[in-house]
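Work through the exercises below with the predicted model in view. Each task is followed by a solution in steps.

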Amino acid sequence: MKLGFVSDSLGAMPFSKMLDHAARIGVSGVEVNTCGWSTAPHCKLDDLLGMRDAQIAFQAEFDKRGLEIISFNANGNPLHPTDPRHGADLRKTIRLAGEMGVETVCTMSGLPAGSEDDKMPNWVVSSWPPETQDILRYQWEQELIPFWKEITALAKENGVEKIALELHGNQCVYNVPSLRRLREAVGPAIGANLDPSHLFWMGADPLVAAEALGEAVYHVHAKDTFLNAPIQATTSLLENGSLMDVPARSWSYVTLGFGHGEEWWRQFCYRLKMGGYDGWLSIEHEDVLLNSLEGLEKSVALLKEVMPDRPADFKPQDI
């Protein structure tokens, strides 16, 4: 496995300083945010797409520090019913990845409205009342599957091998069954960006998910979640309070090790290996209580202790 981080983890820093810190703390690459819910401070799509000289200069900043571009990340809602920008910028990201030889694009599945007349995304998390099933049929059959057939064709046309969908709340694809369903409908260009932090607050087990997804894991975000048991006891894990008010929330995103300890992360890496994954662990820092650089450094230190980074070579002796 190889270790990196998401560029927005140090989003307040200039591009060159962010890369300097990446080299200093000993990661091997950086996942670059391009659009969507990110202001993309380190990568402007329109300044790079179709601009070969600009692309060469951009890549050179990584090369001279011994870093790789892990992937491009277009983390938005490409199926928003009234805002087409996220979908348009996902298409730009895929074309840029093709031009620059980046094989993986990370994004979200998207969440459309609940009907043709609706104007707001609608996330169904219950099978009752019965209109929920009408919503799901509309979203999957009329919006989600046709959209992703188009996008996977675009990826193939541009030489992008993997589209890694983050299993994230408020998206049509948010767990193992929904990822499998879309993958079966549109093909193996679709895989998972497995971020355990989201599975924690949705009540799933990332250890089991890692092994269950197997070859469908195309990317991994390393992010932790603190489960605040006294608050959870009365509010559940269905939390819509401010992300900034950690004491009042039933769960919050935290630095690696502050929600689940080193032993858990050791097991997570091993389960990924058991499922056949030997790719990137990309740290995503979203801890509102810790300094971003400090949190990133602590996360890197933890993963370096537990992450296998050399090929397996054991085999029984011939006796």
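**Exercise 1.** Find which parts the salt bridge between Glu215 and Arg183 ties together, and classify both residues as buried or exposed.

*Solution.* Start with the contact: the side chains of Glu215 and Arg183 come to 4.0 Å, N to O. Next, place the partners. Glu215 sits in the loop between α8 (206-213) and β7 (217-222), and Arg183 in helix α6 (residues 176-186), so the bridge links parts 32 residues apart in sequence. Last, check exposure. Glu215 has 67% relative accessibility and is exposed, whereas Arg183, at 16%, is buried because the cut-off is under 20%.

**Exercise 2.** Do the same for Asp195 and Lys223, which also form a salt bridge.

*Solution.* The N to O distance is 3.8 Å. Asp195 belongs to the loop between β6 (190-194) and α7, and Lys223 to the loop between β7 and β8 (224-227), so parts 28 residues apart in sequence are tied together. Asp195 is buried, at 0% relative accessible area, and Lys223 is buried, at 1%.

**Exercise 3.** Describe the lining of the largest pocket.

*Solution.* First, the volume is about 740 Å³. Second, the lining has 35 residues, with His168, His198, Leu243, Tyr253 and Glu286 nearest the centre. Third, β3 (68-75), α7 (196-202) and β9 (251-254) are the elements that each give two or more residues to this lining; β9 supplies the largest share, three residues. Finally, sort by class: eleven residues are nonpolar, 17 polar and seven charged.

Note on methods:
Residues numbered from 1 in each chain as written. Predicted model: local features only at pLDDT ≥ 70, side-chain atom pairs only at ≥ 80, totals over all residues. Heavy atoms only, no water. 1 Å grid on protein atoms, 1.4 Å probe; cavity = no way out; pocket = protein on both sides within 12 Å on 5 of 7 lines; lining within 4 Å. Points joined across faces, edges and corners; volume = space filled by probe spheres on them. Helix = DSSP H or I, 4+ residues; strand = E, 2+ residues; numbered from the N terminus. Nonpolar A, V, L, I, M, F, W, Y, C, P; charged D, E, K, R; others polar. Buried < 20%, exposed > 50% of the residue type's maximum accessible area, 1.4 Å probe, protein only.
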